[in-house]
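Dear colleague,

I am handing over the structure we spoke about, which you will find just below. After it I have set out what was found, so that you can follow each point with the model open beside you.

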Amino acid sequence: MIQYSCSHGGVYSVDPRLVRVDFSSNVNPLGISESVLKILRKNLPKISSIYPDNEHKNLKKKIINYLDSGLSYDSINIGNGATEIIYNFARAFVRKQVIIPYPTFCEYELASRKIGAKIKHVPLKDWKLDVDSISEKTRNSDAIFLCNPNNPTGLFSYELVEKLVDKIDSSIKILIDESFIEFVDETKHPRTFIEKINEFRNVVVLRSLTKSFGLAGLRLGYSVSHPSMEKKISHNKITWNINGLAQLAGITALDNLSHLKKARKIITGERELMYARINHNLSSFSAIKSDVNFYLIRLSHGHCRQIRDLLLKKNGILVRECSDFKGMNDKYIRVAVRTHDENLELFDALESLDK
Ligand SMILES: Cc1ncc(COP(=O)(O)O)c(C=O)c1O
């Protein structure tokens with residue numbers, strides 16, 4: 001089998017001792033909330049030595065309340081990060097071939113390759129889903145992976161996803177990864193496909209709590225689907241897949257939504273400020289509009305890996321170089337929207353490299 005590697009940003013993608021500010025991981029700029037930290041500290045001794053709830057009952061209950069869509073327990077699957085569910089989805093439904101629009105998050109391809117499936121790549125058209133091209137290629141495909149909002153482009157379109165799902169034969173399973181939907185501008189009225197899981201029984205909607213609530217190290221995600229799909233996905237779950245601290249963190253985070261609300265406000269304002277600052281003042285870098293908590297910066301010269309290394313060495317700032325995303329070239333870096341002072345630091349560091 002051909003070896004396929006899938007790389008990520010994050011402090012461990014380089015020498016972690018060099019990283020002072022991490023712009024390469026797209027997580028809540030405020031990190032974990034004080035209320036979650038407080039509960040975790042208090043309960044650490046007790047939780048560390050008892051087995052966690054294997055059914056995740058309290059967490060599922062909170063998720064159902066949070067989504068406010070009248071879902072039942074057996075529509076929800078809890079994963080050790082959204083990533084675990086990508087793999088369990090692949091194990092449950094992928095056999096011979098899958099369709100993956102690109103550029104996108106690399107784990108869909110890695111999970112499918114591990115099953116031995118062939119990958120049909122379909123390029124985005126003007127960085128949007130090419131609905132016609134995808135629907136023409138579905139013959140012999142078991143599944144389609146859609147990322148909405150998409151990583152690394154940061155663009156969201158409910159309408160294109162809906163158009164595509166409508167066109168596709170219901171025997172083909174579709175994973176819609178909405179891991180970043182909570183960061184889409186409210187002014188865009190982001191609609192979730194969760195509303196449609198009873199109508200489209202071939203669809204699984206994926207969410208991540210690690211990004212929205214700053215829990216990347218604790219690992220927590222979930223999916224929503226018709227119960228018949230949930231049953232097949234959870235068939236591959238290992239017993240006690242979510243540790244007790246992660247469950248408690250998720251429950252508490254969903255009880256304190258003001259943290260996410262605050263982060264969302266920062267992101268909307270800061271993203272616009274960074275576009276204006278970069279695009280009006282710098283000639284070697286241009287920021288590309290996105291709908292979420294990260295955006296691409298195009299380099300007019302230099303290699304993105306070289307820029308990443310310079311920023312890291314000189315400023316302790318880590319950005320995500322994009323040359324290893326299929327369909328991207330060496331002219332892009334991806335950065336998260338962080339707090340005001342951190343964003344200013346990034347701008348100053350880019351300015352010092354501007355020619
Ligand atoms: C689109 C997308 N989905 C899922 C994940 C993984 O999420 P989690 O940390 O919940 O496994 C990432 C991580 O970067 C991502 O970009």
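In this predicted model, seven strands form an open sheet with mixed pairing, and their order across the sheet is β2-β8-β7-β6-β5-β3-β4. The edges are taken by β2 (76–79) and β4 (118–123), each of which has a single partner strand, so one side of each is left without a neighbour in the sheet. On average, and with direction ignored, neighbouring strands of this sheet are turned by 20° against each other.

Within that order, strand β7 (residues 203–208) deserves a slower look. Its pairing with strand β6 (residues 173–177) is parallel and rests on four bridges, and in this pairing I174 stands opposite V203 of β7. With strand β8 (residues 221–225), by contrast, β7 pairs in the antiparallel sense over five bridges, and here L206 is the residue that stands opposite S223 of β8.

How many of the six residues of β7 are buried? Six of the six are, and the strand is therefore largely enclosed by the rest of the structure. Both faces are covered, since V203, V205 and R207 on one side are buried, as are V204, L206 and S208 on the other.

S208 also appears in the surroundings of the ligand, where it is found together with G81, A82, T83, F105, C147, N151, D177, S179, T210, A216 and G221. Sorted by character, the residues of this shell comprise four that are nonpolar, seven that are polar and one that is charged.

Turning to the helices, it may help to recall that two packed helices are described by the angle between their axes and the distance between the axes. For helix α10 (residues 258–281) and helix α12 (residues 340–353), which pack against each other, the angle is about 15° and the axes are 11 Å apart. Because an angle under 35 degrees counts as roughly parallel, α10 is described as roughly parallel to α12. The crossing in which α10 passes α12 is right-handed.

With best wishes

Conventions. Residues numbered from 1 in each chain as written. Predicted model: local features only at pLDDT ≥ 70, side-chain atom pairs only at ≥ 80, totals over all residues. Buried ≥ 20, exposed ≤ 12 C-beta atoms within 10 Å, placed from the backbone. Helix = DSSP H or I, 4+ residues; strand = E, 2+ residues; numbered from the N terminus. Pairing = 2+ DSSP bridges. Near = placed C-beta within 6 Å. Nonpolar A, V, L, I, M, F, W, Y, C, P; charged D, E, K, R; others polar. Axes fitted to C-alpha atoms, helices over the stretch in contact; angles between N-to-C directions. Parallel < 35°, antiparallel > 145°, perpendicular 65-115°, else oblique. Left-handed = near helix turned anticlockwise from the far one by under 90°.
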